[in-house]
Amino acid sequence: MAKQPEDKTNAPAGAAAAGNGNGTPPALNVLAQYVKDLSFESPGAPNSLRARDKAPGINITVNVNANPLSQTEYDVTLTLAAKATAENDVLFNVELIYGGVFRVAGFPQEHMLPLLFIECPRLLFPFARQIIADSTRNGGFPPLMIDPIDFAQMFQQRMAEEQAKAKVAQPS
């Protein structure tokens with residue numbers, strides 16, 4: 001009887017080879033995914049659904065938060081908000097807080113923040129993107145397909161802002 005290949009965890013590339021020095025292979029597992037909050041508003045409907053000569057302006061904001069639930073489990077939330085306007089009218093406003101519970105084990109402490117703020121939202125994003133697209137389509141608009149997000153760049157920007165705040169807060 002042929003041996004079945006082992007199922008590998010979806011840890012970031014190179015992480016399994018690195019280990020944490022104690023022989024435990026690193027593991028990142030999605031335990032649950034959920035919609036925490038979903039809001040769709042189309043205040044001008046049905047007038048806002050009419051055909052337009054030019055595309056509406058769409059402002060998209062993204063935020064990531066992570067909270068520990070235990071020593072190895074974390075609740076990571078991805079907030080996506082999109083507001084479409086034409087002239088001075090709001091066509092639609094959609095906000096989604098999409099979360100996931102992740103088990104993170106075997107990673108060195110210095111890798112925890114990048115895992116929680118880059119890898120975890122990267123895993124959640126396709127599902128959140130689909131919910132936003134379905135919501136806008138169900139609201140009578142073309143589905144809003146949010147472009148892929150560079151969570152690594154977002155994380156680096158956030159860390160730079162935190163360092164700048166820390167320098168300002170320290171007395172000279």
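The paragraphs below lead through the fold, the strand pairing, the salt bridges and the pockets of this predicted model.

Because the model is predicted, local features are reported only at pLDDT of at least 70 and side-chain atom pairs only at pLDDT 80 or more, while totals for chains, interfaces and linings use all residues. Residues are numbered from 1 along each chain as its sequence is written, and side-chain values use heavy atoms, with hydrogens and water left out.

The protein chain has 3 helices and 4 strands, where helices (H or I, at least four residues) and strands (E, at least two) are DSSP runs numbered from the N terminus. Read from the N terminus on, these elements follow the order α-β-β-β-β-α-α. Of the 172 residues of the protein chain, 33% count as buried; buried means under 20% relative accessible area, exposed means over 50%, and partly exposed lies in between, with a 1.4 Å probe and protein chains only. Among the contacts in the protein chain (heavy atoms within 4.5 Å) with a separation of 6 or more, 68% are accounted for by residues 24 or more positions apart.

The strands offer a natural starting point. Two strands are said to pair if DSSP finds at least two bridges between them, and in this sense strand 1 (residues 27-41) pairs with strand 4 in the antiparallel sense over 13 bridges, with Ala 27 standing opposite Ala 105 in strand 4. Strand 4 also pairs with strand 3, again in the antiparallel sense, over 14 bridges. The hairpin of strand 3 and strand 4 has 2 residues between the strands, and in this hairpin Glu 87 takes a positive phi near 55°.

Within strand 3 (residues 73-86), Thr 79 serves as an example of a residue in its surroundings. Thr 79 has a relative accessible area of 17% and is therefore buried. Leaving aside residues up to four places away in sequence, Thr 79 touches Thr 61, Val 62 and Asn 63, as well as Glu 95, Leu 96 and Ile 97.

Strand 3 also takes part in one of the salt bridges, of which the structure holds 3; a salt bridge here is a side-chain nitrogen of Lys or Arg within 4 Å of a carboxyl oxygen of Asp or Glu. The side chains of Arg 103 and Glu 73 meet in such a bridge at 3.0 Å, N to O. Because Arg 103 lies in strand 4 (residues 89-105) and Glu 73 in strand 3, the pair ties together parts that are 30 residues apart in sequence. Arg 103 is, moreover, the bridge partner of Glu 73 in strand 4, which brings the salt bridge and the strand pairing together at one pair of residues. Arg 103 counts as partly exposed at 34% relative accessibility, and Glu 73 counts as partly exposed at 22%.

Helix 2 (residues 112-138) contains Glu 119 and Arg 122, which are 3 residues apart and therefore separated by about one helical turn. Glu 119 forms a salt bridge with Arg 122, and their closest N and O atoms are 2.6 Å apart. Glu 119 counts as buried at 15% relative accessibility, whereas Arg 122, at 43%, counts as partly exposed. Arg 137 and Asp 134 likewise both lie in helix 2, 3 residues or about one turn of the helix apart, and they form a salt bridge whose closest N and O atoms are 3.2 Å apart. Arg 137 is partly exposed, with a relative accessible area of 44%, and Asp 134 is partly exposed, with 26%.

The pockets remain to be described. On a 1 Å grid over the protein atoms alone, a pocket is an open set of points with protein on both sides within 12 Å along at least five of seven lines, and lining residues have an atom within 4 Å of a point; a volume is the space filled by probe spheres set on the points, which are joined across faces, edges and corners. The largest pocket holds about 270 Å³ of space, and among its 16 lining residues Pro 56, Leu 91, Phe 92, Phe 141 and Pro 142 lie nearest its centre. This lining divides into 11 nonpolar, 2 polar and 3 charged residues, where Ala, Val, Leu, Ile, Met, Phe, Trp, Tyr, Cys and Pro count as nonpolar, Asp, Glu, Lys and Arg as charged, and the others, Gly among them, as polar.

The second largest pocket has a volume of about 160 Å³. Strand 2 (57-68) and helix 3 (151-169) each supply at least two residues of its lining, and helix 3 gives the largest share, 6 residues. Among the lining residues of the second largest pocket are Val 62 and Asn 63, both of which are also touched by Thr 79.

Technical notes
1 Å grid on protein atoms, 1.4 Å probe; cavity = no way out; pocket = protein on both sides within 12 Å on 5 of 7 lines; lining within 4 Å.
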